[in-house]
Amino acid sequence: MDFLTGMSYWGIILLAIINAIIVSRMKIVFHGEEEDEEEKRGSCSVG
Amino acid sequence: MQCGLIRDSIDRWALTYSPGIYTCIFIDVKENSHMEYIAKYWVILVIMIVYTAFCLLIGQWFKKKAAENVDAFYVAKREIPGWAISLAFFSTFISTNTYIGQAGFSFQAGLSWAWVGFYWVVFCMISWLLLGPRMRVQTAKLKSVTIPDYFDYRYKSSFSKAIRMFSAVIILFATLWYMTAIAKGCAHLLVSTLGMSYAWGAFLVIFITTLYSVLGGMYSVLWTDAVQGLIMFFVAILMVMIPAMYVGGWEPLMYSVAHTPHLTPKGQPMGNGLMTFCTLVSFAYITSIGLAVGMKQISEPRCLIRFYSIDNAKSMKFAMIATPIFLGVSLACVFAVGALVHGMATDQEASYLVKHTDEVIGFMLAKFNNPWVTGCVMAGLFAAGMSSYAAVSIIVGTAIVGDIWTVIKPLEPKKQVSYTKRLMWIYSAIVFIITLYPPAGIVELTAFSGAVFTAGFFPAVFGGLFFRWGTGKGAFWSMIIGIATTVIWRFGLRFYLPGMKDIHEIIPGFIVSLIAYFIICKLTASDKPDEEHLDHVFHTKKS
């Protein structure tokens, strides 16, 4: 298997690793989380 | 059903051709009694019955919870863990076509075909990194439960209702062909594996999938999708191991693939073409398929709606890491299978299969001839089809009731759920009838509907999530212009202009609709929602 053909396989693994590094450095906050929790504890009716 | 290639090496089994989808079929030519039938197929029957019972059990389990209110039935109250959503996204995006069609095509295209999978993983990352977190936050803030109602609540303009109803109509039209194609593929699998009639196969697949989707709403759709995703993941790994097990190891397999005496469809020797970059297929074609299918992850409602249901930020982060891994590993396995099957095929078999690549996976299973392996792979193929069908089934029900009916005539939340269930049944009945008499070119229609979604929905979704200056008029007209460009390119230009055949309609449709969105939003700045609304949506000020 030549380099470019093989790259499609190990490249997929490399992409997954790069993605994991990017995500682990991201700060993800659901701003509405507290409000949602309050809503869940109260009425759940959304229509 | 006519008999195609009969293999000498296995006297009881015949490799046959079934109209519509080419697949390997296990038929005992002398079979005539029920007992013989059960004795022969019991392994596959047991696996399929356990699998079906499990799906229905999940539906029944969530029946009461899903019926509580609209939020529960439509988006599972946004309380599903990240790992389940991750698997559900993967199983929804990948359908039977990938495990049969794309896997088999590498028999003709070689191992370079995995570049298509590479593109798909790139778009999976884009979808989760760019769209996922914002979509979850904004839709929760806006109390949006469908993609069309997101357009309505986010853009809050005189065009909002028009965008909502128009996008719901697009969903109804484009989804019909997709559901028909899945039902048709699964029905042919039942014909092939269990000798069932096509009509009964279509009925069972549609009925069972709709039943568990209606019973448990988004809860059962997501949880069955998650289980189906897990099955598909392991089946992908199993599939790539079959040629190696047959030949006696990876080394002899790779040697035979690299030195294959088999011919291309044009009759030229393949040589080492299966192992070298783009010798048997152009990179332009790989890119075209890679973009056309991969971009569905950033635009199709069946994928985007997954983001709505994640329970918290920690889960989101986990799913953002896990989804490209599930997808990537599965695709790396599945896209190699066809090329590796050359190691199992004789010259005569290869000369047939290279022109009928949809039969490659069936051929591989027949030649391997292990009922347990066949049963497990079949369960994976059904999982791929049913997970996609269930996902779009609920999208359709919510679009009709939530985005068309309630806009025209508001409904009580309880009635909305009940009407959604009924409409899901009615739509599935229509799909069943069309599946019995499928129009010609259904596969092309399905691929085309993906392009319509991308050109129509992506700018409105992306702009809505990221740009405060996005307007309802910009979203509406970008949809119209994007879809019109897609239609014109597909039916008026692509096959008539020299050198344009490999340029899939998704590319011009996507570019033109994106440009249209930017220009029209800037020209219609007065249509922008008020600052208070935008602060609420973008969380730029405590509201």
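**Close-up views of chains A and B**

**View 1. The contact between chain B and chain A.** In this predicted model, the contact takes 41 residues from chain B and 26 residues from chain A. On the side of chain B, the elements that give two or more residues are α3 (70-75), α6 (114-142), α13 and α17 (413-436). The largest share comes from α6(B), with 13 residues. By class, the side of chain B that touches chain A holds 25 nonpolar, 8 polar and 8 charged residues.

**View 2. Helix α1 of chain A against chain B.** Chain A has 47 residues, and 17% of them are buried. Its secondary structure comes to 2 helices and 0 strands. Helix α1(A) covers residues 3-25. Its 23 residues should span 33 Å at 1.5 Å a residue, and the end C-alpha atoms are 31 Å apart, which agrees. The helix is kinked nonetheless: a kink of about 40° is centred on Y9(A). Y9(A) is also one of the buried residues of α1(A). The others are T5(A), S8(A), I12(A), A16(A), N19(A) and V23(A). What do these buried residues pack against? Their partners are α6 and α13 of chain B. Residues three or four places apart in an α-helix point the same way, because there are 3.6 residues a turn.

**View 3. Helix α13 of chain B, with its kink.** Helix α13(B) runs over residues 313-340 and has 28 residues. From first C-alpha to last it reaches 41 Å, close to the 40 Å expected at 1.5 Å a residue. A kink of about 25° lies at A322(B). The proline P324(B) follows shortly after A322(B). Most of α13(B) is covered, with 23 of its 28 residues buried. The buried residues of α1(A) pack against this helix as well as against α6(B).

**View 4. Where α6 crosses α7 in chain B.** Helix α6(B) also packs within its own chain, against helix α7(B), residues 147-155. The two axes are 10 Å apart, at an angle of about 70°. That makes α6(B) roughly perpendicular to α7(B). Q138(B), T139(B) and L142(B) make the contact from α6(B). Y150(B), Y153(B) and R154(B) make it from α7(B). By class, the residues of this contact are 3 nonpolar, 2 polar and 1 charged.

**View 5. The packing of α9 and α10 in chain B.** Helix α9(B) covers residues 198-247, and helix α10(B) covers residues 250-258. How far apart are their axes, and at what angle do the helices pack? The axes are 8 Å apart and the angle is about 95°. That makes α9(B) roughly perpendicular to α10(B). On the α9(B) side stand P243(B), A244(B) and V247(B). They meet W250(B), P252(B), L253(B) and S256(B) of α10(B). This contact has 6 nonpolar residues, 1 polar residue and no charged residue.

**View 6. Helix α8 of chain B and the glycine that follows.** Helix α8(B) has 35 residues, 160-194. At 1.5 Å a residue they should span 51 Å; the end C-alpha atoms are 49 Å apart, which agrees. The helix bends by about 30° at T175(B). Of its 35 residues, 27 are buried, so α8(B) is largely enclosed by the rest of the structure. G195(B) follows α8(B) and has a positive phi, near 65°.

**View 7. Positive phi at K77(B) and C278(B).** Most residues other than glycine have a negative phi. K77(B) is not a glycine, yet its phi is positive, about 55°. It sits in the loop between α3 and α4 (82-93) of chain B. Is K77(B) buried or exposed? K77(B) is buried, because 22 other C-beta atoms lie within 10 Å. C278(B) also has a positive phi, near 50°. Its place is the loop between β2 (269-271) and α11 (283-294) of chain B. C278(B) counts as partly exposed because it has 19 C-beta neighbours inside 10 Å, while burial needs 20 or more.

**View 8. R422(B) in helix α17.** R422(B) is found in helix α17 of chain B. This helix is among the elements that give two or more residues to the side touching chain A. R422(B) counts as partly exposed, with 13 C-beta neighbours inside 10 Å. R422(B) and A53(B) are 369 residues apart along the chain. Their C-alpha atoms are separated by 22 Å.

Methods. Residues numbered from 1 in each chain as written. Chains lettered and ligands numbered in written order. Predicted model: local features only at pLDDT ≥ 70, side-chain atom pairs only at ≥ 80, totals over all residues. Helix = DSSP H or I, 4+ residues; strand = E, 2+ residues; numbered from the N terminus. Buried ≥ 20, exposed ≤ 12 C-beta atoms within 10 Å, placed from the backbone. Expected span 1.5 Å × (residues − 1). Bend = angle between axes of the 7 residues up to and from the residue. Axes fitted to C-alpha atoms, helices over the stretch in contact; angles between N-to-C directions. Parallel < 35°, antiparallel > 145°, perpendicular 65-115°, else oblique. Contact = placed C-beta atoms within 7 Å. Nonpolar A, V, L, I, M, F, W, Y, C, P; charged D, E, K, R; others polar.
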